[in-house]
Amino acid sequence: MTYDIAIIGAGIVGAACAMRLAKEGFKVAVIEANEIASGSTAAGMGHIVVMDDSEAQFSLTNFSQKLWNEISAQLPLDCEYENCGTIWVAANGEEMQEARRKKHFYGSRGVEAEILDEKSLREAEPNLREGLAGGLLVPNDSVVYQLCATRYFLETTLSNNVRLIENTCVTGITGAGVKFANGDLLKAEKVIIAGGFWSRELIQDLKIVRRKGHLVITERYPNFVKHQLVELGYLKSAHSSETESVAFNIQPRMTEQLLIGSSRQFGNQNKEIDYKILKQMMERAFEFIPKLRELSALRIWTGFRPATPDNLPYIGAHPRIKNTYVAAGHEGLGITTSLGSAEILTDEILGRKSEIDRKPYSPARFSSVNKVGSNL
Amino acid sequence: MNTGKITLKINSRKVSVARGTSVASAILNCKSKLFRRSVSGEPRFPLCGMGICFECRVSINGVKHERSCQILAEEGMTIDTDG
């Protein structure tokens, strides 16, 4: 049996690619070293969010969010899709300036956003402490339970041209398909590497590093917060070149539980909980919501974001390896950008134009091939 | 140890218990002994009595999911169960 496309990795990005390509009639095999959604996908919050760090990041997140909106009606209930919106919380006047800049950025690109003053922020989220300057409400952001969404993406197409092979490690790309650890070959005309950080084991020159994060989930506290709340200082944390940072980020789940983040660590490659940074992360959350101290946490876990040097994913043809494509390195935005990534990669494979410019995500941008003949 | 009585409210009813009584014991002295209901609606009661099983959770002074077996009843406390 020869497949049109072999996708390595059944995280949300690989699953979205499988769903999208099957829709075009391709015969697809998805090969997963462990179980579906067991890597970075499992670690995330499931926040579907439009971001504005760069034009390229905005384009992909905004495009992806529209695709989530379109698919949301057909997602099963267990995907817990909820259009709760994001409030970017401004602690002080300086961050309020940032909120206004952000509103202008979104507004001029057609994304709805509303400035909240101190009073309207308190009305929207009474458990936030008094004295915060305000914030920016982005009503179209959503949350999703990404594990079930990943399973849905695969199951919706399994009977229709997609085969899932779990607990099978791919050790090489042969040019005519892929090779498994046990020596077996799977024939495929094209290969997509969607293995997150682990993609490096197949393509060594792919620049992806692991950025550790912690999340905490609480017991059920109905209506404790109503939107995903993120401090505007978040970008300082996300972009900090320092090796460790924390930021206030809390999300209401459909189960009435609260998901609390976030931490970022470059150096720490250990899966164990780092109680020092966990304490910093929780103290940061308590600064914004003092009442959080009274609540009970059920579980704490860690995970690794697959980070690239410019915070943009690799989506597209590999510059040297023939018939091989990459969809990896989505850092903390893989849930949001999975659908957009699948869409533009499908366009590239079909040789057609995309709704957004694909160039910023090309895996060729850091390739040593591009540097031949230059003085860099 | 002061063995005097203290008064607290369990589901809006005044209850007097001996000082040193756990909240779980105070609830067990009430007419309705249901502590909470699970997500699927099943009744739940204290099981381990030592803070491990989390079955005895109730709301104490408005804070949900407190383990009643681990907290001593205090004068003026407000307890709410699912009973």
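Chain B contains 1 helix and 7 strands in this predicted model. Read from the N terminus, its elements follow the order β-β-α-β-β-β-β-β. The radius of gyration of chain B is 12 Å, close to the 12 Å given by the globule rule for 83 residues, so chain B is as compact as a globular protein of that length. Its C-alpha trace extends over about 40 × 25 × 20 Å along the principal axes. Buried residues make up 22% of the 83 residues of chain B. Among the contacts in chain B with a separation of 6 or more, 40% are between residues 24 or more positions apart.

**The sheet of chain B**

An open sheet of 5 strands is present in chain B, with the order β2-β1-β7-β5-β6 and mixed pairing. The edges are taken by β2 (13–18) and β6 (63–67) of chain B; each has a single partner strand, so one side of each is left without a neighbour in the sheet. On average, neighbouring strands of this sheet are turned by 40° against each other, direction ignored. Strand β1 (residues 5–10) of chain B pairs with β2(B) in the antiparallel sense, over 6 bridges. Within this part of chain B, B:K5 stands opposite B:A18 in β2(B).

**The sheet of chain A**

In chain A, 8 strands form an open sheet in the order β5-β6-β4-β13-β14-β15-β12-β16, again with mixed pairing. Its edge strands are β5 (114–117) and β16 (297–307) of chain A, each of which pairs on one side only. The twist from one strand to the next averages 25°. At one edge, β5(A) is joined by 4 bridges to strand β6 (residues 134–138) of chain A, and the two run antiparallel. A:L116 stands opposite A:G135 in β6(A).

Two helices that pack on this sheet are described next. Helix α4 (residues 93–107) of chain A touches β4 (86–90), β5 and β6 of chain A, and its direction makes about 20° with that of β6(A). Helix α8 (residues 275–288) of chain A also packs on the sheet, where it touches β4, β12 (209–220), β13 (228–231), β14 (244–252), β15 (257–265) and β16 of chain A. The direction of α8(A) makes about 55° with that of β14(A).

**Helices α6 and α9 of chain A**

The table sets out the lengths of two further helices.

| Helix | Residues | Number of residues | End-to-end C-alpha distance | Expected span |
|---|---|---|---|---|
| α6(A) | 146–158 | 13 residues | 18 Å | 18 Å |
| α9(A) | 334–350 | 17 residues | 23 Å | 24 Å |

For α6(A), the distance between the end C-alpha atoms agrees with the span expected at 1.5 Å a residue. The buried residues of α6(A) are A:Q146, A:A149, A:T150, A:R151, A:F153, A:L154 and A:T157. The elements that cover them include α1 (12–23), β2 (28–31), α2 (40–43), β8 (162–165) and α9 of chain A.

Helix α9(A) is thus one of the elements that cover the buried residues of α6(A). Its reach from first C-alpha to last is close to the expected value, and α9(A) has a kink of about 25° centred on A:G340. This helix is mostly covered, with 14 of its 17 residues buried. After α9(A) comes A:G351, which has a positive phi near 65°.

Methods. Residues numbered from 1 in each chain as written. Chains lettered and ligands numbered in written order. Predicted model: local features only at pLDDT ≥ 70, side-chain atom pairs only at ≥ 80, totals over all residues. Rg over C-alpha atoms; globule rule 2.2 N^0.38 Å. Buried ≥ 20, exposed ≤ 12 C-beta atoms within 10 Å, placed from the backbone. Contact = placed C-beta atoms within 7 Å. Expected span 1.5 Å × (residues − 1). Bend = angle between axes of the 7 residues up to and from the residue. Pairing = 2+ DSSP bridges. Axes fitted to C-alpha atoms, helices over the stretch in contact; angles between N-to-C directions.
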